[in-house]
Amino acid sequence: MSRGNVARFWEWGRKIICVGRNYAEHARELRNELPTEPVLFLKPPTAYVKEGSPILVPHYSSTLHHEVELGVVVGRAGREIPQTSAMEHVAGYALCLDMTARDVQEQCKAKGLPWTLAKAFDTSCPVSDFIPKERIPDPAGVELWLRVNSVTRQRGSTAHMIFSVPYLISYISRVMALEEGDLILTGTPKGVGAVHEHDELQAGIEGVISMTFRVSKQAAVHN
Ligand SMILES: O=C([O-])CC(=O)C(=O)O
Ligand SMILES: [Mg+2]
């Protein structure tokens with residue numbers, strides 16, 4: 001079955017693999033230890049949201065945080081990929097937000113539970129249009145920024161990642177097979193913070209792309 005062009009990766013239904021604590025200053029601002037190995041978690045493809053649709057605050061959270069991140073779109077499947085050929089598996093990039101129910105995440109951490117409720121809810125993965133690989137010759141050389149209601153909250157260079165994109169591809173592919181259309185979120189720089197209903201988020205990769213999203217409240221769930 002043809003899934004069409006990987007440039008519409010969010011329609012493919014593939015997995016979203018997220019890396020946490022990949023910038024020392026962000027690990028410190030949340031009082032986490034620096035990782036000696038990448039911290040991994042997943043979002044389902046139902047987390048995707050594109051410009052024009054709102055980011056929803058989950059009904060069970062009162063502290064929704066923004067995390068701006070560089071996303072890597074996988075263009076070629078592989079397992080146990082060596083670092084030296086890792087970039088051959090990259091089709092391109094996307095600007096991504098790893099929306100996080102921080103209050104719920106803190107509860108999960110305290111109880112030693114997985115982060116699914118905090119990280120994997122609907123609209124927890126806003127993404128930009130696909131950015132072809134040629135437009136970012138070095139994924140360790142881009143500047144990410146995020147503004148809330150025109151106030152800058154996050155600005156950071158991917159040069160400060162603890163684990164590089166080739167390292168992450170190699171590491172992840174030793175845990176789970178990478179497939180065409182998968183997206184890897186590479187972690188957020190410092191400056192994460194809360195957003196509320198009606199806020200406007202603008203994010204960008206300096207000189208490459210920008211995107212705008214609004215925040216809405218999820219309708220109350222009745223059972
Ligand atoms: O929730 C966290 O702080 C971990 C994470 O996703 C990141 O560092 O990007
Ligand atoms: Mg993150």
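**Magnesium site**

I started with the magnesium ion (ligand 2) in this predicted model. Which protein atoms are its donors? I found Glu67 (OE), Glu69 (OE) and Asp98 (OD), lying 2.0 to 2.1 Å from the ion. Water is not among the atoms, so I keep in mind that the site may look incomplete.

Next I looked up how these donors are spaced along the chain, and I noted E-x1-E-x28-D. Glu67 sits in the loop between β5 (64–66) and β6 (68–74), while Asp98 sits in the loop between β7 (90–97) and β8 (100–101), so this pair ties together parts that are 31 residues apart in sequence.

Buried or exposed, I wondered, are Glu67 and Asp98? I can log both Glu67 and Asp98 as buried.

**Cavity search**

Then I turned to enclosed space. My search of the whole structure gave one cavity of 30 Å³ or more, and I put its volume at about 100 Å³.

Which residues lie nearest the centre of this cavity? I wrote down Gly20, Arg21, His26, Glu67 and Lys119, out of 17 lining residues. Glu67 thus turns up twice in my notes: as a magnesium donor and in the cavity lining.

**Where the lining comes from**

I checked the secondary structure elements too. Both β1 (16–20) and α2 (102–111) supply at least two lining residues each, and the largest share, three residues, comes from α2.

Last, I sorted the lining by class. I have seven charged, six polar and four nonpolar residues there.

Terms used
Residues are numbered from 1 along each chain as its sequence is written. Chains are lettered from A and ligands numbered from 1 in the order in which they are written. This is a predicted model: local features need pLDDT of at least 70, side-chain atom pairs count only at pLDDT 80 or more; totals for chains, interfaces and linings use all residues. Side-chain values use heavy atoms; hydrogens and water are left out. On a 1 Å grid over the protein atoms alone, a cavity is a set of points where a 1.4 Å probe fits but cannot get out, and a pocket is an open set with protein on both sides within 12 Å along at least five of seven lines; lining residues have an atom within 4 Å of a point. Grid points are joined across faces, edges and corners, and a volume is the space filled by probe spheres set on the points. Helices (H or I, at least four residues) and strands (E, at least two) are DSSP runs, numbered from the N terminus. Ala, Val, Leu, Ile, Met, Phe, Trp, Tyr, Cys and Pro count as nonpolar, Asp, Glu, Lys and Arg as charged, and the others, Gly among them, as polar. Donors are N, O and S atoms within 2.8 Å of the metal (3.2 Å for Na, K and Ca); water is not among the atoms, so sites may look incomplete. Buried means under 20% relative accessible area, exposed over 50%, partly exposed in between (1.4 Å probe, protein chains only).
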